[in-house]
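Visitor: Please take a close look at one part of this model, the site where the ligand sits. What is around the ligand, and which atoms come into polar contact with the ligand?

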Amino acid sequence: MNAMPGTVTIDLAALRWNYRLLTALAAPARCGAVVKADAYGLGSSRIGPILFEEGCREFFVAQLLEAQTLQECLPNGAKIFILGGILPGGERFAAESGFIPVLNSLEQLRRWYTTAAEGGRPLPAALQIDTGMSRLGFSPDELIMLQCDASWMDRIHVELVLSQLASGGIPSSGQNRDQLAALLSLSKQFEGTPLSLANSAGMMLGKDFLFAMARPGIALYGVNPDHQMPNPLRPVVRLDVRVIQTRAISPGTKVGYDATYTAKKVMNLATIAAGYGDGLPRTLSSRGAAFFEGIRLPIVGRVSMDSINLDVSALEAPAVGLGSLVELIGDHQSIEQLAADAGTISNEILTNLGNRYSRVYV
Ligand SMILES: *Cc1c(COP(=O)(O)O)cnc(C)c1O
């Protein structure tokens with residue numbers, strides 16, 4: 001719709017292409033898909049079915065409600081893993097829905113065990129081992145406790161043992177090999193159970209990191225997981241935002257909140273209809289740019305909640321006006337570039353793309 005202030009365009013063909021490429025990279029390991037946070041902000045109910053069509057059968061979300069949303073749009077036959085496990089009170093619903101919690105602690109395991117006992121049938125689960133992130137998962141000591149009394153295994157069927165790399169995005173980090181070795185040794189008590197370690201970045205570290213299943217998230221959406229190499233993936237996301245006002249200002253004129261910017265010369269400004277309330281971080285104030293027909297339009301002054309001022313002096317005066325679209329993410333500016341200018345990572349930009357944009361799937 002033309003009157004929308006901005007449009008996120010999601011290229012589903014690029015998504016398919018990326019999943020195929022990642023599947024080929026993972027083989028013979030399976031390739032799951034991480035679609036937490038509403039498929040990184042792109043809409044899990046649109047992204048999930050496409051990945052299913054491409055053959056994906058293992059989906060990872062972070063939370064119970066995300067699992068429910070995803071399940072409603074997927075055909076039967078998909079496994080939905082919940083990375084954060086299940087909060088007290090959600091176990092029965094999860095069990096009845098057939099979700100597979102990632103058990104991260106003894107308490108989560110006990111509660112899942114009780115749920116299985118009450119339901120009178122064994123329940124599936126994944127189990128996470130903390131190999132160096134101190135975030136989620138069993139510690140070595142807790143694993144020993146599990147081993148001492150393995151009777152819980154009658155009621156809980158562990159389908160997957162996983163761990164998460166802390167420094168996968170830093171290929172030279174010794175921590176990657178350390179975590180790999182830790183997973184191999186700590187998972188011995190689950191012999192025969194499939195293992196999984198690699199997120200997107202981990203998939204680029206070599207075959208040893210792939211085990212039985214890879215769990216890419218951000219790479220599906222086209223972001224380069226290895227910044228040292230050219231991006232083999234196709235960008236999935238574009239962001240275009242409309243101009244809502246233009247003006248010419250004279251030298252000495254102040255721009256934006258806190259008057260952090262003062263014009264040194266005659267300038268043409270364009271105000272666009274998106275700001276930090278739409279996920280364009282305030283750290284982009286007087287940093288970074290938008291593009292119009294390939295011409296760079298620097299951001300000047302503070303990013304506001306609903307708008308940003310651009311210096312459009314490089315354009316012919318009438319080139320942009322009310323309703324013109326400028327590119328924030330697209331052919332001339334990658335999401336990685338925008339994120340770098342904002343001092344953050346592409347994941348944060350993606351997951352914050354606001355709900356005031358229209359989302360168009362092509
Ligand atoms: C988010 C997440 C992933 C996916 O990470 P990407 O870097 O987006 O590929 C994989 N595994 C776990 C446990 C996660 O939390």
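Guide: What follows is a description of the ligand site.

The model is predicted, so local features need pLDDT of at least 70 and side-chain atom pairs count only at pLDDT 80 or more, while totals for chains, interfaces and linings use all residues. Residues are numbered from 1 along each chain as its sequence is written, and side-chain values use heavy atoms, with hydrogens and water left out.

The residues around the ligand, meaning those with a heavy atom within 4 Å of it, are V34, K36, Y40, L83, R135, Q164, N199, S200, R215, P216, G217 and I218. This shell divides into 5 nonpolar, 4 polar and 3 charged residues; Ala, Val, Leu, Ile, Met, Phe, Trp, Tyr, Cys and Pro count as nonpolar, Asp, Glu, Lys and Arg as charged, and the others, Gly among them, as polar.

Some shell residues make polar contacts, that is, pairs of N or O atoms within 3.5 Å. In the side chain of Y40, an N or O atom is 2.5 Å from an oxygen atom of the ligand. Q164 places a polar side-chain atom 3.2 Å from a ligand nitrogen atom. G217 uses its backbone: an N or O atom there lies 2.8 Å from an oxygen atom of the ligand. On its own the ligand has 390 Å² of accessible area, and the protein covers 90% of that (Shrake-Rupley method, 1.4 Å probe).

Note on methods:
A polar contact is a pair of N or O atoms within 3.5 Å; within protein, one must be able to donate a hydrogen and the other to accept it, and residues adjacent in sequence count only if both atoms are side-chain atoms.
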